[in-house]
Amino acid sequence: MRAAAGAEQLSVLYLVDGGDDQDVRDQFEVQMFGTDEIGIELRCFHCGRIDLAKEPTLKTKYGKQAPLFVVFDKDGKADELSLSGYKASATSLQKLLEKAASGVVKPSLAGFAK
């Protein structure tokens, strides 16, 4: 992710706790990533997934916020979207992605996805 930010590339980190209930995580991910628009929009980003169950230091810091999306714009500025309790909101993620891609992806990210 540092390399992506240094190269002025859009990035997304998805922090999830692999110790949480597998069925709940699976259902959440289907709701979040199951739409064509999200999938298309994410193609404009370098994406990474971190399992907090395998990273104790990060789990201590971000465990209560998980699942957590950290979206970086081309300048490396980050915005976070915490969906603790696995309350899916694809619309909220799309808004964050569109904000980060503003001025970088032309036409707009929403237009690109449609």
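**View 1. Y14 and F69, two buried residues.** Y14 is buried, and F69 is buried too. In this predicted model, we can start with these two residues and look at how their rings meet.

**View 2. Aromatic rings that pair up.** How many aromatic pairs are there? The count comes to four. Take Y14 and F69: their ring centres lie 4.8 Å apart and their planes meet at 15 degrees, so this pair is stacked. Planes under 30 degrees apart count as stacked. The two partners come from distant parts of the chain, with Y14 in strand 1 (residues 11-16) and F69 in strand 3 (residues 68-72), 55 residues apart.

**View 3. F28 and Y86, an edge-to-face pair.** Here the ring centres are 5.4 Å apart, with 85 degrees between the planes. Where does each partner sit in the chain? F28 belongs to helix 2 (residues 22-33), while Y86 lies in the loop between strand 4 (78-82) and helix 5 (90-101), 58 residues apart. Are they buried or exposed? The cut-off for buried is under 20% relative accessible area. F28 has a relative accessible area of 1%, so F28 is buried; Y86, at 14% relative accessibility, therefore counts as buried as well.

**View 4. A cluster of rings.** Now add F33 to the picture: ring pairs link F33 with Y14 and F69 into a cluster.

**View 5. Stepping back to the whole protein.** Six helices and four strands make up the list of elements here, and along the sequence they follow the pattern α-β-α-α-β-α-β-β-α-α. Of the 114 residues in the protein, 35% are buried. About 6,600 Å² is exposed, and carbon and sulfur atoms supply 49% of that area.

Definitions and conventions. Residues numbered from 1 in each chain as written. Predicted model: local features only at pLDDT ≥ 70, side-chain atom pairs only at ≥ 80, totals over all residues. Heavy atoms only, no water. Phe/Tyr/Trp six-rings, centres within 6.5 Å; stacked < 30°, edge-to-face > 60°. Helix = DSSP H or I, 4+ residues; strand = E, 2+ residues; numbered from the N terminus. Buried < 20%, exposed > 50% of the residue type's maximum accessible area, 1.4 Å probe, protein only. Areas by Shrake-Rupley, 256 points an atom, 1.4 Å probe, with all protein chains shown as cover.
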